[in-house]
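I wanted to work through this protein slowly, going from the whole chain to single residues, and to write down what I looked up at each step.

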Amino acid sequence: QPTEDEDNNKSDSESDYCSSSTSDTTMKRVFGTSKLAHRVSFQDVLLGSKNKSSSSSSSSADASSNNNRRWCCMIYATQNGWKLPILFEELGIEYDWCLVDFEQNQQRSPEFLQINPNGRIPALIDREKNVTVAESGAILEYVCEEVGDTSLFPSKAQSLQLHLQCKQWLYWQVSGQGPMLGQSMYFNRIA
């Protein structure tokens, strides 16, 4: 299993992503492979965000010129953190991902708080539109609307009933089931 330092030395063409398994109260990182996922460092993402926000225009050509994909998921190996990689894998879209390391308290850093003032993951950077989105439900809805995928999130024009059913299930998950499972995980594994 690679250490964090070994993982940071991987080439950009390697596409590891992180999952977690818990034994007792320690979280271990287990690495897998996806042809769509590309890891970027926390510092590189923050540097890129600063450079983007200082420029007046942004395009997909800008994102690809420095080997970045349009989408950058800022995540940690939690239930909420996995939602974005699952979405991009289902859509078949390449994406960057950045580990926001809770052990280093990166989610509370001033730089991350500019991306998500709540200091929570996930957060998404859309490099093409030069915007950031926080909260998993809002991110999932935004990405599906942006890419025009009607199979996962039908548009109102396609079917108002299916559109509303998808929204109902999405909001139920982020406001009901998700918080309950998160609390269960916390109290059963961490507290």
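**Asn 105 and its surroundings**

I began with Asn 105, whose relative accessibility is 40%, so I put this residue down as partly exposed, a class that lies between under 20% for buried and over 50% for exposed. I noted early on that the model is a predicted one. When I looked up where Asn 105 sits, I found this residue in the loop between S5 and H5. Its phi is near 60°, which is a positive value in a residue other than glycine.

**A second positive phi**

I then turned to Glu 135, which has a positive phi of about 75° although it is not a glycine. I located Glu 135 in the loop between S7 and H6, and with a relative accessible area of 32% I entered this residue as partly exposed.

**A cis peptide bond**

Which two residues does a cis peptide bond join? I found that the bond joins Ile 121 and Pro 122, with omega at about 0°. Pro 122 belongs to the loop between helix H5 (110-115) and S6.

**The whole chain**

Stepping back, I recorded seven helices and seven strands in the protein chain, and reading along the sequence I wrote their pattern as α-β-β-β-α-α-β-α-β-α-β-β-α-α. Of the 191 residues, 38% count as buried, while the chain exposes about 10,800 Å², of which carbon and sulfur atoms supply 50%. I also looked at contacts between residues at least 6 apart in sequence, and 60% of these join residues at least 24 apart.

**The sheet**

In what order do the five strands of the open sheet lie? I read the order as S3-S5-S4-S6-S7, and the pairing is mixed. Strand S3 (37-39) and strand S7 (131-134) stand at the edges with a single partner strand each, so one side of each has no neighbour in the sheet. Neighbouring strands of this sheet are turned against each other by 25° on average, with direction ignored.

Within the sheet I followed one pair, strand S4 (residues 71-75) and strand S6 (residues 123-126), which run in the antiparallel sense and are joined over four bridges. Here I saw Met 74 standing opposite Ala 123 in S6.

**Helices across the sheet**

Lastly I checked two helices against these strands. Helix H4 (residues 79-91) lies across S3, S4, strand S5 (95-99) and S6, and runs at about 150° to S4. Helix H6 (residues 136-147) lies across S4, S6 and S7, and I noted its angle to S7 as about 135°.

Key
Residues numbered from 1 in each chain as written. Predicted model: local features only at pLDDT ≥ 70, side-chain atom pairs only at ≥ 80, totals over all residues. Heavy atoms only, no water. Pairing = 2+ DSSP bridges. Axes fitted to C-alpha atoms, helices over the stretch in contact; angles between N-to-C directions. Contact = heavy atoms within 4.5 Å. Buried < 20%, exposed > 50% of the residue type's maximum accessible area, 1.4 Å probe, protein only. Areas by Shrake-Rupley, 256 points an atom, 1.4 Å probe, with all protein chains shown as cover.
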